[in-house]
Amino acid sequence: MDDQISKAMQQVRVVFGASIRKTIANEVRRLGASRALILSTPQQSDAAFEIAELLGPLAAGVFCKAEMHTPVTITDAAMLHVKEIQADCVITIGGGSTTGLGKAIAYRNNLLQIAIPTTYAGSESTPILGQTENGAKTTLSDARVLPEVILYDPELVVSLPVTMTVTSALNAMAHAAEALYATDRTTKTTTMAMDGLKSFVDGLPRVLANPSDLAAREVTLRGAWACGTVLGQVGMALHHKLCHTLGGSFGLPHAETHAIVLPHAIAYNAHAASAELQPICNLLGGENAGLALHGFAQKMNAPLALRDLGLQESDLDRAADIATTKPYPNPQPVTRDDIRALLQAAWAGDAPSTLDKSGYRG
Ligand code: NAD
């Protein structure tokens, strides 16, 4: 990670608490701003207008057209709006899609950002920006895209449907799981990754028992912050490569895909990175971290099969080809045949296959 990004990450102001969004006017003033543009998806426009109301004269405009994968066409439209209303800060209220639009604007004009996340995706705490143009997704890392302030308000996550709560949580947990064996991990990132995983293992069952439990929702938001922060600090491997392929080339939904692939990718690496993944076994029980995560996903009623997301069995060969074209660091060597087998199991919703000590995949 470059020094500028590392410094910017340390300077982010992060606040947790029920109703914390109601302090938004103070946060805008604290930044020395006075003309805020509020961003959301069309589905969350009510939340965006609530923020505008809380801001009163500090609100200069509302733009509710954020979309998944940050299309450049939408960013261009938002940039026109920024200019028109002479915005001096952006406030994002929503999941990774809305956060992404705020980051794309800040990347272009270095505008101040306040992020109010409403999912567990964790984009708000990474310097990473993914954008799509003419159907192609590119990713960059830059200190400018980091929000200055993040407000985690558990009241806003209560409306997240239960299925999305589970898939979004597993999406966040995937960042932490891969951080455990990242080649550039540190003791600090490993501790933070485990903090994130523990938060979800503790908080998610409580949230599912009572989705309005604000204390439990706050625990899961703390997990989202920890998992997002490690995603921003270390490189990802097989899991993220597979999800990038399935999302980018086959249009599969982000959180659901991450949730389904997670146990399979970790089981694939469980033998080669057994020591690094041991804390997951300690946390969830069992001897294979991938199978342990599969058991947790089953208990949380998570989706388990890529075919349920609309992926065709006939797509699996091409997906295996794309995911293995370029080499990347991964604990277990990545071979086309092994990845094809992994995808078959994830497609069918089978338990992940595992490697025994002699390297036999059973
Ligand atoms: P999302 O932001 O696309 O949200 C999905 C849907 O749920 C949207 O319609 C949204 O309005 C709605 N929603 C969100 N929160 C809600 C709530 N509390 N109540 C009711 N509805 C709610 O989904 P996501 O999984 O958060 O984000 C996915 C996007 O984020 C992808 O484009 C992904 O690439 C990106 N992402 C980026 C990073 C990064 O570091 N750059 C990290 C993670 C995800």
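Around the ligand in this predicted model sit 22 residues, and those that come nearest are T41, S97, T118, T119 and T126. Sorted by class, this shell leans on 13 polar residues, with seven nonpolar and two charged ones making up the rest. Helix α5, which spans residues 96-109, gives the most to the shell, with three residues. Zooming out to the domains, both domain 1 (3-158) and domain 2 (163-361) give residues to the shell, so the ligand lies between them.

Polar contacts come from side chains and backbone alike. T119, already listed among the nearest residues, has a side-chain N or O atom 2.6 Å from an oxygen atom of the ligand. The side chain of Q43 also offers an N or O atom to a ligand oxygen, this time at 3.4 Å. I128 takes part through its backbone instead: one of its backbone N or O atoms is 2.9 Å from a nitrogen atom of the ligand. As for overall cover, the ligand has 860 Å² of accessible area on its own, and the protein covers 86% of that.

Turning to aromatic rings, a search of the whole structure comes up with two pairs. In one of them, F16 and Y152 have ring centres 4.7 Å apart and planes at 10°; with an angle under 30 degrees, the pair counts as stacked. This pair ties together distant parts of the chain, as F16 belongs to strand β1 (residues 13-16) and Y152 to strand β8 (residues 149-152), 136 residues apart. How accessible are the two partners, F16 and Y152? F16 has a relative accessibility of 18%, which is under the 20% cut-off, so F16 counts as buried. Y152 is buried too, with a relative accessible area of 0%.

The other pair, Y120 and F200, is edge-to-face, with 5.4 Å from centre to centre and 75° between the planes. Here again the link is between distant parts of the chain, with 80 residues separating the partners. Y120 is found in the loop between β5 (112-117) and β6 (128-133), whereas F200 is part of helix α8 (residues 187-209). Are these partners, Y120 and F200, buried or exposed? Y120 has a relative accessible area of 0% and is therefore buried. F200 likewise counts as buried, at 0% relative accessibility.

Technical notes:
Residues numbered from 1 in each chain as written. Predicted model: local features only at pLDDT ≥ 70, side-chain atom pairs only at ≥ 80, totals over all residues. Heavy atoms only, no water. Near = heavy atom within 4 Å. Polar contact = N/O pair within 3.5 Å; in protein donor to acceptor, adjacent residues only side chain to side chain. Areas by Shrake-Rupley, 256 points an atom, 1.4 Å probe, with all protein chains shown as cover. Helix = DSSP H or I, 4+ residues; strand = E, 2+ residues; numbered from the N terminus. Nonpolar A, V, L, I, M, F, W, Y, C, P; charged D, E, K, R; others polar. Domains from an automatic or database assignment. Phe/Tyr/Trp six-rings, centres within 6.5 Å; stacked < 30°, edge-to-face > 60°. Buried < 20%, exposed > 50% of the residue type's maximum accessible area, 1.4 Å probe, protein only.
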